[in-house]
Structures are given as C-alpha cells and as structure tokens.
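Reader: I'm used to gels and assays rather than coordinates. Could you walk me through how to read a structure like this?

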Amino acid sequence: MNLANADWPSALIASIALVVSIVALARTIRRDRSAQAQQVSAWVSYHEPDELLVSSRAGAPCLIVANQSSQPIYDWHVEYFYRGDLIGQTRVRKTVPGGGRDIVTLNGETQAAFRERQGQDRGEPDRAFSDIVAAVAFRDAGGRRWKRDAVGSLARDRS
C-alpha cells in the first residue's frame, strides 16, 4: 500500500485550514485597530448647563467631541460643513481622555459664515446650528490617524 497517495487529502485540508486561520487573524487585527476609532464622534449642538460649563456659555452653539473608548485620542481637529460647503474649522486640540468629551464654542468666524450662508437660503425656513455637520480627524492611542467624515463614515487618514 502506498501511503504517500493517502496523505494528500490530509495535506490539502491542513493547507485550507491554515489559509482560513490567516484570513481570520487578519480580520481580527483590522477590527482591533479600528475599535477605538469606532467610538469617537463629533457634532454641533447648543451648550446645556452642566458641570462642565461656565454658565455664561450655556445656550451658545458649540462642538462636542466624544470619546467613548477607554483610551485617549490626540491631536484632534474638526471641519464644519453647511450644505456641503466648508464654513470653518478648529485649531488642533491636544487630548480627549478615554470616556470623556471636549466642548468647544464655535468661533465667531464659523458663526458668521453660517449666518451668511443661512441668509443666502432665502425663501426657506430658518436653519438651525444643528444643520452644521462636523468631520473630525484624530490620532488614536496606537498612533494611527483617523477621520470621521460629515456623514459619519470612518476611514484611516493617510495625509
């Protein structure tokens, strides 16, 4: 009996199992790398009185960056869009701790640009600051750069 001919099915099955394991490992690594970034978001809202705010800022339009992961994010900045047009951006900020958020009042230039664009929308109902959308770029705890665009899609930022 020739055992060499009987071993090839086992070798084929072992090779297929190895390829499946490598693919599964690659997916797990990719998912782990984006796990922190998936938990970072930004939006424009109005300040509400709470323990984070000085009362004079309550009711002002602001940007909220939330980091729901357990690790901090670094070097973040935001671009503001109104109806697809860029109307402003923040300076690069340092850190949002894990499980934390940062609140930034919209600067006067961004507010003025919004009001100018809003004025061009004559004949339409008044638009609110909630019509401004934000795209946030940041560096995760592993040093990878990410960008969540104005519609919420997350991608690696290679710039």
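**Reading the chain**

Author: Happily! Let's begin with one residue: Ala135 is found in strand E7, which covers residues 132-139. Please keep in mind that this is a predicted model.

Reader: Is Ala135 buried or exposed?

Author: The general idea is to look at relative accessible area, where under 20% counts as buried. Ala135 has a relative accessible area of 4%, so Ala135 is buried.

Reader: Which residues is Ala135 in contact with, leaving aside its neighbours within four places in sequence?

Author: There are two runs of numbers to look for. Ala135 touches His77, Val78, Glu79 and Phe81, and also Lys147, Arg148, Asp149 and Ala150. Take Phe81 from that list: Phe81 and Ala135 are 54 residues apart along the chain, yet their C-alpha atoms are separated by 8.0 Å.

Reader: How much of the contact picture in the chain comes from residues 24 or more positions apart?

Author: Among contacts with a separation of 6 or more, such pairs account for 55%.

Reader: Let me step back, then. How many helices and strands does the chain have?

Author: The chain has 2 helices and 9 strands. Reading from the N terminus, the order is α-β-β-β-β-β-β-α-β-β-β.

Reader: And what share of the residues counts as buried?

Author: Of the 159 residues, 31% count as buried. The accessible surface of the chain comes to about 10,100 Å², and carbon and sulfur atoms hold 53% of that surface.

Reader: Charges are more my territory. How many salt bridges does a search of the whole structure find?

Author: The general idea first: side chains of opposite charge can pair when their charged atoms come close. In this structure, the search finds 4 salt bridges. One of them joins the side chains of Arg139 and Asp75, at 2.9 Å from N to O. Arg139 lies in strand E7 and Asp75 in strand E3, so this pair ties together parts that are 64 residues apart in sequence.

Reader: How accessible are Arg139 and Asp75?

Author: Arg139 is partly exposed, with a relative accessible area of 26%, and Asp75 is also partly exposed, at 26%. Asp75 has another feature to read: a positive phi of about 45°, although Asp75 is not a glycine. The strand that holds Asp75, E3, spans residues 73-82.

Reader: Which other side chains meet in a salt bridge?

Author: Arg93 and Asp102 do, at 3.6 Å from N to O. Here Arg93 is partly exposed at 32% relative accessibility, whereas Asp102 is buried at 17%. Asp140 and Arg144 meet as well, at 3.4 Å from N to O. In that pair Asp140 is buried, with 0% relative accessibility, while Arg144 is partly exposed at 22%.

Reader: Now the greasy side of things. Which residues form a nonpolar patch on the surface?

Author: For this feature, look for nonpolar side chains that have accessible area and lie together. Trp8, Leu12, Ile16 and Val20 form such a patch, with about 430 Å² of accessible area together.

Reader: Where does Leu12 lie, and how accessible is Leu12?

Author: Leu12 lies in helix H1, residues 3-35. At 45% relative accessibility, Leu12 counts as partly exposed. You can set that beside Ala135, the buried residue we began with, at 4%.

Definitions and conventions. Residues numbered from 1 in each chain as written. Predicted model: local features only at pLDDT ≥ 70, side-chain atom pairs only at ≥ 80, totals over all residues. Heavy atoms only, no water. Helix = DSSP H or I, 4+ residues; strand = E, 2+ residues; numbered from the N terminus. Buried < 20%, exposed > 50% of the residue type's maximum accessible area, 1.4 Å probe, protein only. Contact = heavy atoms within 4.5 Å. Areas by Shrake-Rupley, 256 points an atom, 1.4 Å probe, with all protein chains shown as cover. Patch = residues over 30% accessible without salt bridge, like charges linked within 9 Å, V, L, I, M, F, W, Y side chains within 5 Å.
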